[in-house]
Amino acid sequence: MTLPDFELLRPTSLEEALAALERCGPDAQVIAGGTDLIPSMKQRLFTPRVLVDLKRLRELDYICSEEDGGLGIGALTKISALAESPVVVERFPVLHEAAKTVASPLLRNLGTLGGNLCLDTRCLYYNQSEFWRASLGYCLKKDGTRCHVAPGGQFCWAAFSGDTAPALLALDARVQLAGPRGARELSLAEFYVNDGVVRVAKAPGELVTGIRIPAASAGWCGVYKKYRIRQSIDYPLAGVAAVMRKTTDGTCLEARVALTGVNPAPKLVNAAVLLRGRRYDATLAEEVAHEAIRTGKPLRTSASTPEYRRHILRVFVRRAIEQVWRNGH
Amino acid sequence: MNKEPIRLRVNGRVHELSVPPNKLLLEVLRDDLGLTGTKCGCDDSSCGACTVLVNGEPQMSCLMLAASYQDEEITTIEGLAKNGELDPLQTGFCEEGGAQCGFCTPGMILTCKSYLEKNPDPTEQELREALSGNLCRCTGYTQILASIRRAIELAREGRKVEVSKL
Amino acid sequence: MSATSPIGARVPMIDSVDKVTGRGKYTDDLTLPGTLVGKILHSPHAHARILSIDTTAAERLPGVKAVATGKDTPVKYGILPIGHDETIFAVDKVRYIGDNVAAVAADTAEIAEGALGLIKVDYEVLPAHLDPERSMQAESDFIHEDKPHNIEKEYHHHFGDVEVGFAKADYVRDDRFDCAEVTHAALEPHSTLANFDPDGSLTVWSSTQVPYYLMKTLAATLEMPEEKVRVIKPLIGGGFGGKSEVIPLELAAAVLARRAGAPVKITYSREEVAYAHRGRPRTIVELKTGVKRDGRLTAVEARIIQDGGAYCSYGVVTILYSGQLLNAMYDIPNVMFDGYRVLTNKPACGAMRGHGTVNARFAFETQLDMIAAVLGIDPAEIRRRNLLKAPCRTINGLRVLSYGYPECLERVIERSEWRAKRRKLPFGKGIGMAGSHYVSGAANPIIRSLMPHTTVELTLGRDGAVTLYTGAAEIGQGSDTVQVQIAAAELGVDWKQVKLVAADTARTPIDLGSYSSRVTFMAGNATLDAARQARERLLAAAGLALGAESENLVWKDGVFARRNNPRPSIPFAEACRLACGAEESLKFAGTYSPPPEAQGGKYRGAGVGPSPAYSYSAQVAEVTVDVETGQVTVERIIAAHDCGKAINPLTVEGQVEGSVWMGLGQAVQEEMVWEKGRLMNPGLLEYRTASTLESPPIEPILVESNDPEGPFGAKEAGEGSLAATLPAVVNAIYDAVGVWITSLPVTPEKVLRALEEEKRRTSL
Ligand SMILES: Cc1cc2nc3c(=O)[nH]c(=O)nc-3n(C[C@H](O)[C@H](O)[C@H](O)COP(=O)(O)OP(=O)(O)OC[C@H]3O[C@@H](n4cnc5c(N)ncnc54)[C@H](O)[C@@H]3O)c2cc1C
Ligand code: SF4
Ligand code: FES
Ligand code: FES
């Protein structure tokens, strides 16, 4: 399959990149590792006139422990670097676990954190060739007017299917953006928009430059559970990140649980607050899991049925909570 | 579309080419440089048959815009045998049946080459992890793993095999 | 034979260096000066009449060199003589989403793709038939006018008397099994390069398992004499049956090349590979089996429906295999088979590894375990009690000579610690067993003729060069290497000394192709025949020089000598020179045709199923089931395969492992998902063949039953192990958690549902 035509710009600094984006306006799109964008362009899901290649922005490729104990990670950091980073392994285990489940070793060598966070939402009726989509009359996310998943409505349910976002959401990370009007920071919860078309609260011409994980989230126990059919080269059909800070006797001081692969945005499970101040309690874990499936609303966007994805979500949330609660870290 | 001059370093040689910006490294290697050992097995970047080494790291050339990789050292399967001698991995794959139809083989070998450089004595599970981005439809992976073990032995013994002798 | 016979040696494949160095050329790696890119326009409708096609805009696009549509090439073709229902491009109707409507050759892929978009096709959409059981009830809008109720073919076989059999039974059960459609997913997408010479002759390089049939079909559809068509098969990146008949792109490339007056290459996208398909049909098996209290089979009745897609392809053979090969595993006194090959508006199904037998075998071996469970018999024991007494002829006329199945069973029982594990593993862990078998080539050719099934030529150069010419198609299974080994063994030379020229219809004699696991047995026998003749000639020449009768000569350590007098001796090359006399080289043609005794019965459909020899496999799988998520992890598979004789254990093991692994994919994760005739997973991301991570260790055990007619005793090795894996896994799941899964693939969801039902049932 061929790629559409475009002009390729290869800026060497953030400043240059932002200027290029501003100059080219809505016709321009950035490419980092290209592992999401290139296959999508082959399918004509994107046909930008200008591609701004970020690979030479070395300044955005860093994993940096900050003085206060927080962690900064540049948008151009490879997922493989993230997965192997000793700081991440040691202090943010949930992120390590999530990163090492992304796609495959080869794709992690190319894919970046920025791209992983800005990943397009996915749907069986959307991630298909131009021919395939045309034969169905397209859908409202791209080129069409109907949604085949929820035919009556005007809403796109395509699922956000990145792995690191739920981990970062659970770690209370903030995303850093730079744009024509300067830099700003958003919490991840603000960054993601629960709409398969809109996806992220990123202004035109804005770039993700990195994320910051607060010191307060360092050292928490964390696990990431991912449901997929193939154990590699497979997006999450449902994913659960759970983190917990505990006292030495195992009392939960604070816990957060986030979901991916089931909604147009990664989402925090509010019921995780129930765990606060409690000693290990299997029924409580089950209760939170039960609540979690009110947050996770999978539809028929992927290979696995909504019913099963809800089921596995519940099991995974419970297991994840049990694991962070019982295992010391 | 407009062609633009690019310069690629492949298997130690510099090539000055003129290609449109939407050409993938995979296409340039195969169509412009005649290096057809790098295979195309899919369109959704899932199979790994197109794997090449970029500065020693395995990456998928079906995702890489050729023009974006001008400053990098690219190695394809054709660049692995040196001075008429097979790399131990190549010998291993021949002797232990790691290549049935051979279509996944270049990608498998390159992924493995890079991995063994970092971890010369991996466990089976580590190898399975390392190779989990390369699909094979023929072998069920058992003989691929055996081939790699053979390669590790060969490398350890320092046994060299000439291309013509196998 | 000399002391270091290559028979039984782990010889690396003769093309392995080409594969590991990237030097070897597959079709898409080839190019000729001025090669154009061909692209095909596909139907967006599952079933529609073509009202008009307007190609003028496409033809006018700069860079477009040829456009072709159905009106240019109306000749019908198909792999089976009774199934000529395809045309290169749709003539009046399109019959599935992806059907071929037109094609363009252009200077670049971009231009060709652009031109496709300019072709205007007016369709009248027709009702589509998508479910086989409903399709066969249809009263109108048949997919092919001459196939009422969309039934491609039905067969009704009755051997013995099942009524009597069921009456004698102490226990009878009836089950329905449903196996989803799967596809080959060979890693190399199909590719064809076609070129016309100025004299009007055509050369086609193609990823084909059947160069000879392709040559014939090209000649027929392009209306050319066969001698003007040459087909060359380069290296092939896997076939598994997906390249074992003529695939539309092969003809389209040739048509475009003729129109454009330039070479044309077409390489399919993954999605197009899925539309070309020819995979394993969704199969519904309703199986009724009766047994005595001790587990002895009294009768089997099978009703099998295959969802064949829009064209016949191999369909008639596929449905027959599913019924015929219910036999030749076990001793079944009464068998009834009702088979329906049904047409639907989806891509055509065809031959896929284990052709026709796999889903029926899955049903049979699973049900056998269900029966064993009810009767309280060990699954190993119920199989032992129903073994054939070979040599024998089955009730439907299949001749079984060598029968290594009993040994296969004993070997896996032993290796797996069956007795220690079955029903003794903790809840959630289980072990299961099953068997399977397959033909070593079909005893009857697709196109009936008196011609041998294969001819192999061997030349001896006067310098001692040995060259084999074979039409057989190496597709990664190692058949070229086996032929070389056989020739080397018979001539007593090093295998490296034997050169091989293969699969070029202008240079190599006719071989029917790589399908139904025929090459080692058939081309192997023909090679042996040719090599034997050559050897006799050499012995005669050496005898003449040494003044001895040839039966008093020995051929040892690379020289011919008199039996009790090692001196003087004649080296191989010298013997060749002597034998050649005034000739530059000598040519020996070896052939193989299956013996008439192996060709089966006389009833309608009797032609499919008979084989000169059957391979056998027994397997044990170990699984872990997560009862809360329903996820199944296959921990280990032990597979004993009776290949007659492992001419090359390295490649036989590779074939067994690959078969088992592919069967496992079908068992637990592969499935073509259809929605209203549209394939939801046309790429390798969504059609999930297993990665290294969920692929368990597979332990092959080779059993050698030495078939009396196989070359050095060899039989099939490349397909027969596949079918046993599916039921072995399902039977292991039963051992683990006590539920039967009768629908494939075994998704976690199905496991959960079965567990819930079981809970409901036992709490009543
Ligand atoms: C076969 C396959 C399997 C995969 N499986 C998984 C999986 O299991 N889990 C998973 O999480 N991902 C998966 N991916 C997707 C992908 O590999 C990763 O998400 C990767 O991290 C994406 O990063 P990238 O740099 O390649 O993104 P790109 O493709 O370069 O970009 C993705 C999107 O983000 C935008 N973008 C990139 N960088 C920035 C930035 N700094 N600021 C603003 N916008 C930006 C791009 O414009 C584009 O729209 C898979 C991909 C493939 C091909
Ligand atoms: S959810 Fe609906 S609108 Fe969104 S991509 Fe899927 S089909 Fe299209
Ligand atoms: S060609 Fe399949 S991953 Fe690149
Ligand atoms: S050897 Fe054929 S795909 Fe791996």
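Q: If Lys and Arg count as positive and Asp and Glu as negative, while His and the chain ends are not counted, how many positive and negative side chains does chain A have, and how far apart do the centres of the two sets lie?

A: The place of each charge is taken as NZ of Lys, CZ of Arg, CG of Asp or CD of Glu. On that basis chain A carries 43 positive and 34 negative side chains, and the centres of these two sets are 6 Å apart. For chain B the counts are 18 positive and 24 negative, with centres lying 4 Å apart.

Q: What kind of model is this, and which residues enter local features and totals?

A: This is a predicted model, in which local features need pLDDT of at least 70 and side-chain atom pairs count only at pLDDT 80 or more, whereas totals for chains, interfaces and linings use all residues. Residues are numbered from 1 along each chain as its sequence is written, chains are lettered from A and ligands numbered from 1 in the order in which they are written, and side-chain values use heavy atoms, with hydrogens and water left out.

Q: How should I read the secondary structure, and how many helices and strands do chain A and chain B have?

A: Helices (H or I, at least four residues) and strands (E, at least two) are DSSP runs, numbered from the N terminus. Chain A contains twelve helices and twelve strands, and chain B contains five helices and seven strands. Followed along its sequence, chain B shows the order β-β-α-β-β-β-β-α-α-α-α-β.

Q: Which radius of gyration does chain B have, and what would a compact globule of 166 residues have?

A: The radius of gyration is taken over C-alpha atoms, and the globule rule is 2.2 Å times the number of residues to the power 0.38. For the 166 residues of chain B, a compact globule would come near 15 Å, and the value for chain B, 16 Å, agrees with this. The C-alpha atoms of chain B occupy a box of roughly 50 × 35 × 25 Å along the principal axes, while those of chain A fill one of roughly 60 × 50 × 35 Å.

Q: What percentage of the residues in chain A and chain B counts as buried?

A: Buried means under 20% relative accessible area, exposed over 50%, and partly exposed in between (1.4 Å probe, protein chains only). In chain A, 62% of the 329 residues count as buried, and in chain B the figure is 68% of 166 residues.

Q: What accessible surface does chain A have, and what does chain B expose?

A: Accessible areas come from the Shrake-Rupley method with a 1.4 Å probe, and for residues only the protein chains shown count as cover. Chain A has about 12,000 Å² of accessible surface, 50% of it belonging to carbon and sulfur atoms, and chain B exposes about 5,700 Å², of which carbon and sulfur atoms supply 45%.

Q: Contact means heavy atoms within 4.5 Å; how many residues does each side bring to the contact of chain C with chain B, and what area is buried there?

A: Buried area is the accessible area (1.4 Å probe) that two parts lose on being put together, summed over both. Chain C contributes 55 residues and chain B contributes 50, and about 3,900 Å² is buried between them, with 56% from carbon and sulfur atoms. On the chain C side, C:Val20, C:Leu187 and C:Thr692 lose the most area to chain B, together 19% of what that side buries. Between chain A and chain C, about 2,700 Å² is buried, 53% of it given by carbon and sulfur atoms. There, A:Phe131, A:Trp132 and A:Arg230 supply 23% of the area that chain A buries against chain C, more than any other three residues.

Q: Where is B:Arg137 placed, and is B:Arg137 buried or exposed?

A: B:Arg137 sits in the loop between α4 (124-130) and α5 (142-157) of chain B, and its 2% relative accessibility makes it buried. Residues up to four places away in sequence set aside, B:Arg137 touches residues of chain C, among them C:Leu187, C:Trp661, C:Glu670 and C:Tyr687.

Q: Which strand holds C:Ala48, and which residues is C:Ala48 in contact with?

A: C:Ala48 belongs to strand β2 (residues 48-54) of chain C and is buried, at a relative accessible area of 0%. Neighbours within four places in sequence left aside, the contacts of C:Ala48 include C:Asp92, C:Val94, C:Tyr123 and C:Leu126.

Notes: Lys and Arg count as positive and Asp and Glu as negative; His and the chain ends are not counted. Contact means heavy atoms within 4.5 Å.
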